[in-house]
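Here is a small set of exercises to work through with the model open in your viewer. Try each task on your own before you read the solution.

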Amino acid sequence: MNPIAPIVHPTALTLHPTEPLLQVAGLAVSYGRIRAVDGIDLTVEPGRIVSLVGSNGAGKTTTLMALSGLLPLAAGRIRFAGEDITTLAPELRVARGIAHVPERRRVFAGMSVRENLVLGAYSRGDAVDIASDLERMVALFPRLGERMAQLAGTLSGGEQQMLAIARGLMSRPALLIMDEPTMGLAPQMIDLILDTVLEIRKQGMTVLLVEQNAVEAMRLSDHVYIMRLGRIVHEDSGATIDPERVKSFYLGADS
Ligand code: ATP
């Protein structure tokens, strides 16, 4: 992969070295009377890849949506870069340096790759640097560079995922939140996307990732949280966690 200049949000530079980038305490989210996330704590240190894994319906997507302000909290607090952002509007969280790459790689299908990328920089307001950031994205994803004028809706699934990630990076986030970036992709494309996540981290980015595939998540991550039925049932550093134990946490003692 081509070496490219780091993409770093000012938030990441001003953070005190001992302070976590993201700190979540007692986060709870309800859909009507259903409590989908039931009081979870998690910490993301700067420069790390942290994964949230768990079976279907564990509450992973709901957690990410609450973190980026797309769902209201029933309880709990969120601190980001030393600031309480619990009630901050989603667009202000983007401005603070949180980018969310949602599930199912949502891109603007009727717009070109370039237009999608430029929209990703919308929150920044510094048009001067957009051209150099487009170059960075092309260096990171050469396949997008070859398709700048192509309509996003006509890209392959893997290319759309690349575009969704690149669009998130265009906001120059301090924290990139990714919801199942490998879902439904061919094995080769999965490797490419996950290698890119490692490359992004190497450039100084902090990543919070939801991944169905726990083994892949463990390979990639500095820290893994395992969710089940709206709660965190285990956490471990990616290197030391045992896949067999993960399986048991997925299934639960009562399964
Ligand atoms: P998956 O891996 O299948 O995407 P997940 O861990 O991301 O699962 P969530 O999508 O966060 O889980 O769902 C958590 C729980 O909340 C599930 O029981 C789900 O049915 C419920 N839920 C999610 N979205 C809604 C909604 N809009 N209305 C009602 N219930 C919902």
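## Exercise 1: The largest pocket

The largest pocket of this predicted model holds about 720 Å³ of space. Find the residues closest to the centre of this pocket, then work out which elements line the pocket and which classes of residue do so.

**Solution.**

Step 1. Begin at the centre: of the 28 lining residues, Val94, Ala99, His100, Pro102 and Arg167 are the closest to it.

Step 2. Move on to the elements. At least two lining residues come from each of H2, helix H3 (90–96), strand S6 (98–101), helix H4 (113–120) and helix H7 (157–169). H3 gives the most, with 5 residues.

Step 3. Sort the lining by class: 14 residues are nonpolar, 7 are polar and 7 are charged.

## Exercise 2: The ligand and its shell

Identify the residues that come nearest to the ligand, and list the side chains with a polar atom within 3.5 Å of a ligand oxygen, including those of Asn56, Lys60 and Gln212.

**Solution.**

Step 1. The ligand has 13 residues around it, and Asn56, Gly57, Lys60, Thr61 and Thr62 come nearest.

Step 2. Now take the distances to oxygen atoms of the ligand. An N or O atom in the side chain of Asn56 is 2.7 Å from one. For Lys60, a polar side-chain atom lies 2.8 Å from a ligand oxygen, and for Gln212 the distance is 2.9 Å. On its own the ligand has 630 Å² of accessible area, of which the protein covers 60%.

Step 3. Classify the shell: it contains 3 nonpolar, 7 polar and 3 charged residues. Helix H2 (residues 60–67) supplies the largest share, with 3 residues.

## Exercise 3: Helix H2

Is H2 largely enclosed or largely open? Use a cut-off of under 20% relative accessible area for buried residues.

**Solution.**

Step 1. List the buried residues of H2: Lys60, Thr62, Thr63, Leu64, Ala66 and Leu67.

Step 2. Compare with the length of the helix. Because 6 of its 8 residues are buried, H2 is largely enclosed by the rest of the structure.

Step 3. Look just past the end of H2, where Gly69 has a positive phi of about 85°.

## Exercise 4: Positive phi outside glycine

Examine Arg172 and Glu180, which are not glycines: what sign does phi have in Arg172 and in Glu180?

**Solution.**

Step 1. Recall the background: most residues other than glycine have a negative phi.

Step 2. Arg172 has a positive phi of about 50°. This residue sits in the loop between H7 and strand S7 (175–179). Its relative accessibility is 19%, so Arg172 counts as buried.

Step 3. Glu180 also has a positive phi of about 50°. Its place is the loop between S7 and helix H8 (187–202). With a relative accessible area of 7%, Glu180 is buried.

## Exercise 5: The surroundings of Ser221

Which side chain does the side chain of Ser221 join in a polar contact of 2.5 Å?

**Solution.**

Step 1. Locate Ser221 in the loop between helix H9 (214–220) and strand S9 (223–228). Ser221 is buried, at 7% relative accessible area.

Step 2. The partner is Ser51, whose side chain makes the 2.5 Å polar contact with that of Ser221. The side chain of Ser221 also reaches the backbone oxygen of Ala217 at 2.5 Å.

Step 3. Finish with separation along the chain: Ser221 and Arg48 are 173 residues apart in sequence, while their C-alpha atoms are 7.5 Å apart in space.

Terms used. Residues numbered from 1 in each chain as written. Predicted model: local features only at pLDDT ≥ 70, side-chain atom pairs only at ≥ 80, totals over all residues. Heavy atoms only, no water. Near = heavy atom within 4 Å. Polar contact = N/O pair within 3.5 Å; in protein donor to acceptor, adjacent residues only side chain to side chain. Areas by Shrake-Rupley, 256 points an atom, 1.4 Å probe, with all protein chains shown as cover. Helix = DSSP H or I, 4+ residues; strand = E, 2+ residues; numbered from the N terminus. Nonpolar A, V, L, I, M, F, W, Y, C, P; charged D, E, K, R; others polar. Buried < 20%, exposed > 50% of the residue type's maximum accessible area, 1.4 Å probe, protein only. 1 Å grid on protein atoms, 1.4 Å probe; cavity = no way out; pocket = protein on both sides within 12 Å on 5 of 7 lines; lining within 4 Å. Points joined across faces, edges and corners; volume = space filled by probe spheres on them.
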